[in-house]
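Q: Please give me a close look at one residue of this structure, chosen for its backbone, and then connect it to the rest of the chain. I am new to this structure, so please explain each term when it comes up.

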Amino acid sequence: MTIPFFKYQGAGNDFIMIDQFSGSFIDRNDKAFIQRLCDRRFGVGADGLILLQPSSAATGSKYDFEMVYFNADGSESSLCGNGGRCIVAFARLKNYIGEKCEFLAIDGPHEASIDKNGWVSLKMIDVPVIEKGADYFLLNTGSPHYVVFVEDLQDINVFENGQEIRYSKRFKEEGVNVNFVERKKDGSISLGTYERGVEAETLACGTGATAAAIAAFARDGGLTNLPVHAKGGDLRVHFESTPDGFKNIWLCGPAVRVYDGKIDL
């Protein structure tokens, strides 16, 4: 079977997109095939693979579509923020949605919008609780994130230091995404992320950018509309701080179609 696919990237976070509105090419049991497609030497190459499919009666057919996300290792994952923004751009390309939509992901429903320049804004889940340690913040923005603030991001080996935390005794079984954050004088932040499932540093991470922005506010106060400089490009996170936690959280940035093609199953 020949599978058509599209490649998208959001701030350097890249994804294989497969449209399953007309038929099913891949299901949740195809772990080895998904892993091969995401391999950068033997497949298409990507940080993850995303299925765009209609929402069913079981999942709530009122939604415009369902997003099913897999890590590069073939495992079905928790929410990918940049992947969520990219699938909105892909659904718009396929004319399944207009400028606004509501879709279903593994962590629940999400609102999103896309402007004429391809800038996609994605509403994230609320963050009611943040764990504050002596030198870290731990929070869930759709995926679990461990946030560490550093003086100079360029001095940090994101892969080695991130891997050490991700495979520490506490996180070894379930895993955690690890973010190293540098606060800039203008209030913005720079971000380096080690992603579980990819098991490497990625050029950007949407849920990580969201976690880093909220942790920066929890640590220092300041901006609630925060520029985030990832190694692959710029994002923006804005939110409301309330007595019950952080709400009305939006992850915003570009979602770019790279190319499309076909691959044999």
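A: Asn248 is found in strand 16 (residues 245–254), where strands (E, at least two residues) and helices (H or I, at least four) are DSSP runs numbered from the N terminus. The structure is a predicted model, in which local features need pLDDT of at least 70 and side-chain atom pairs count only at pLDDT 80 or more, while totals for chains, interfaces and linings use all residues. Residues are numbered from 1 along each chain as its sequence is written, and side-chain values use heavy atoms, with hydrogens and water left out.

The backbone angle phi of Asn248 is near 50°, a positive value in a residue other than glycine. Most residues other than glycine have a negative phi. At 31% relative accessibility, Asn248 counts as partly exposed, a class that lies between buried (under 20% relative accessible area) and exposed (over 50%), as found with a 1.4 Å probe on protein chains only. Ala11 also has a positive phi without being glycine, in its case near 55°. Ala11 sits in the loop between strand 1 (2–10) and strand 2, and with a relative accessible area of 4% it is buried.

From Ala11 one can go on to strand 2 (residues 13–19), which holds Asp14. The side chains of Asp14 and Arg40 meet in a salt bridge, at 2.8 Å from N to O; the term stands for a side-chain nitrogen of Lys or Arg within 4 Å of a carboxyl oxygen of Asp or Glu. Arg40 belongs to the loop between helix 1 (31–38) and strand 3 (48–53), so that this pair links parts of the chain that are distant, 26 residues apart. Asp14 counts as buried, because its relative accessibility is 9%. The pair belongs to a wider network of salt bridges in which Lys7, Asp14, Arg40 and Asp47 are linked.

Strand 2 takes part in another such pairing, since Lys94 forms a salt bridge with Asp19, their closest N and O atoms being 3.5 Å apart. Here Lys94 comes from the loop between helix 2 (81–93) and strand 5 (100–105) and Asp19 from strand 2, 75 residues apart. Asp19 is buried, at a relative accessible area of 14%, whereas Lys94 is partly exposed, at 29% relative accessibility. Elsewhere, Arg170 is joined to Glu131 by a salt bridge whose closest N and O atoms are 2.8 Å apart. Arg170 lies in the loop between helix 3 (158–166) and strand 11 (177–183) and Glu131 in strand 8 (residues 131–132), so the pair ties together parts 39 residues apart in sequence. In total, the structure holds 14 salt bridges.

Arg40 and Asp47 also appear among the residues that line the largest pocket, which include Gln35, Cys38, Asp39 and Val198. On a 1 Å grid over the protein atoms alone, a pocket is an open set of points with protein on both sides within 12 Å along at least five of seven lines, a cavity is a set of points where a 1.4 Å probe fits but cannot get out, and lining residues have an atom within 4 Å of a point. The volume of the largest pocket is about 240 Å³, where a volume is the space filled by probe spheres set on the points, which are joined across faces, edges and corners. Its lining divides into four nonpolar, two polar and five charged residues; Ala, Val, Leu, Ile, Met, Phe, Trp, Tyr, Cys and Pro count as nonpolar, Asp, Glu, Lys and Arg as charged, and the others, Gly among them, as polar.

Turning to the interior, the largest nonpolar core has 55 residues, of which Met17, Phe65, Met67, Val88 and Phe103 touch the most other members. Such a core is a set of buried Ala, Val, Leu, Ile, Met, Phe, Trp, Tyr and Cys residues joined through side-chain atoms within 4.5 Å. Helix 4 (residues 206–220) gives this core its largest share, eight residues. Apart from it lies another core, of 17 residues, with Phe5, Cys38, Phe70 and Ile263 among them.
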